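Work through the exercises below with the coordinates open. Each task is followed by a solution in steps.

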Amino acid sequence: MKKSVITFLIMFLLAGMFVFSAPQSVGAQTYYRKVYRNGRVTYVRTAKPSYYRRHRNRINMAAGTVGGAVLGGLIGGRRGAAIGAGTGLAGSALYTYKFNPKTRRYVKVRRY
């Protein structure tokens, strides 16, 4: 009973994280970025990346750790959860930093 309640609670919190990664309207997510051209400084209006794009590394690492801890806990109890969390963290770090590295993309917002 206790394991099922904890598993449900962890899955509920994990599903709640995806609310923050949903894109919002672009009108509220703009900021000005400095651009140096021909010795002059100009400010270019740029679209702000989504929450997931800005914090992709942290979200992927947390999701991998939680997933590993849940699977390890189901298989091996408390000690298995610790081992699974470490394994999930290592796997998600490998995915995040080696296989799928983050690249910054800026989209210029044009308002006429």
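**Exercise 1. A side-chain polar contact**

Which backbone oxygen does the side chain of T96 reach?

Solution. This is a predicted model, so begin by placing the residue.
- Step 1: T96 sits in helix α3.
- Step 2: The side chain of T96 reaches the backbone oxygen of S92, at 2.8 Å.
- Step 3: S92 is also in helix α3.
- Step 4: An α-helix has 3.6 residues a turn, so residues three or four places apart point the same way.

**Exercise 2. Accessibility of the pair**

Are T96 and S92 buried or exposed?

Solution. The cut-off for buried is under 20% relative accessible area.
- Step 1: T96 has a relative accessible area of 1%, so T96 is buried.
- Step 2: S92 has 8%, so S92 is buried.
- Step 3: List the contacts of T96. Setting aside residues up to four places away in sequence, T96 touches R56, N57, N60, M61 and P101.
- Step 4: Do the same for S92. Beyond its neighbours within four places in sequence, S92 contacts N60, M61 and G64.
- Step 5: Compare the two lists. N60 and M61 appear in both.

**Exercise 3. The span of α3**

How far apart are the end C-alpha atoms of helix α3, and what would a straight helix reach?

Solution. Compare the end-to-end distance with the ideal one.
- Step 1: α3 covers residues 56–99, which is 44 residues.
- Step 2: At 1.5 Å a residue, a straight helix would reach 64 Å.
- Step 3: In the model, the end C-alpha atoms of α3 are only 14 Å apart.
- Step 4: Look for a bend. α3 bends by about 150° at G76.
- Step 5: Check the confidence. Among the elements of the protein, α3 has the highest mean pLDDT, 91.

**Exercise 4. The two strands**

How far apart in space are T30 and A47, C-alpha to C-alpha?

Solution. Place the residues, then take the distances.
- Step 1: T30 lies in strand β1. This strand spans residues 30–37.
- Step 2: T30 and A47 are 17 residues apart in sequence, but 4.5 Å apart in space, C-alpha to C-alpha.
- Step 3: Now take T42, in strand β2 (residues 40–47). Leaving out neighbours within four places in sequence, T42 contacts R33, K34 and V35.
- Step 4: T42 and Y32 are ten residues apart in sequence; their C-alpha atoms are 9.4 Å apart.
- Step 5: Add accessibility. T30 is partly exposed at 23%, and T42 is partly exposed at 33%.
- Step 6: Add the caveat. β1 has the lowest mean pLDDT among the elements, 74. Where pLDDT is low, the predicted coordinates should not be read in detail.

**Exercise 5. The whole chain**

What pattern does the protein follow along the sequence?

Solution. Count elements, then turn to the totals.
- Step 1: The protein has three helices and two strands.
- Step 2: In sequence order, they run α-β-β-α-α.
- Step 3: Of the 112 residues, 21% count as buried.
- Step 4: The accessible surface is about 8,800 Å², and 63% of that surface belongs to carbon and sulfur atoms.
- Step 5: Take contacts with a separation of 6 or more. Residues 24 or more positions apart account for 53% of them.
- Step 6: Close with confidence. The mean pLDDT is 80, and 81% of the residues score at least 70.

Terms used. Residues numbered from 1 in each chain as written. Heavy atoms only, no water. Helix = DSSP H or I, 4+ residues; strand = E, 2+ residues; numbered from the N terminus. Buried < 20%, exposed > 50% of the residue type's maximum accessible area, 1.4 Å probe, protein only. Contact = heavy atoms within 4.5 Å. Areas by Shrake-Rupley, 256 points an atom, 1.4 Å probe, with all protein chains shown as cover. Expected span 1.5 Å × (residues − 1). Bend = angle between axes of the 7 residues up to and from the residue. Polar contact = N/O pair within 3.5 Å; in protein donor to acceptor, adjacent residues only side chain to side chain. pLDDT = per-residue confidence, 0-100.
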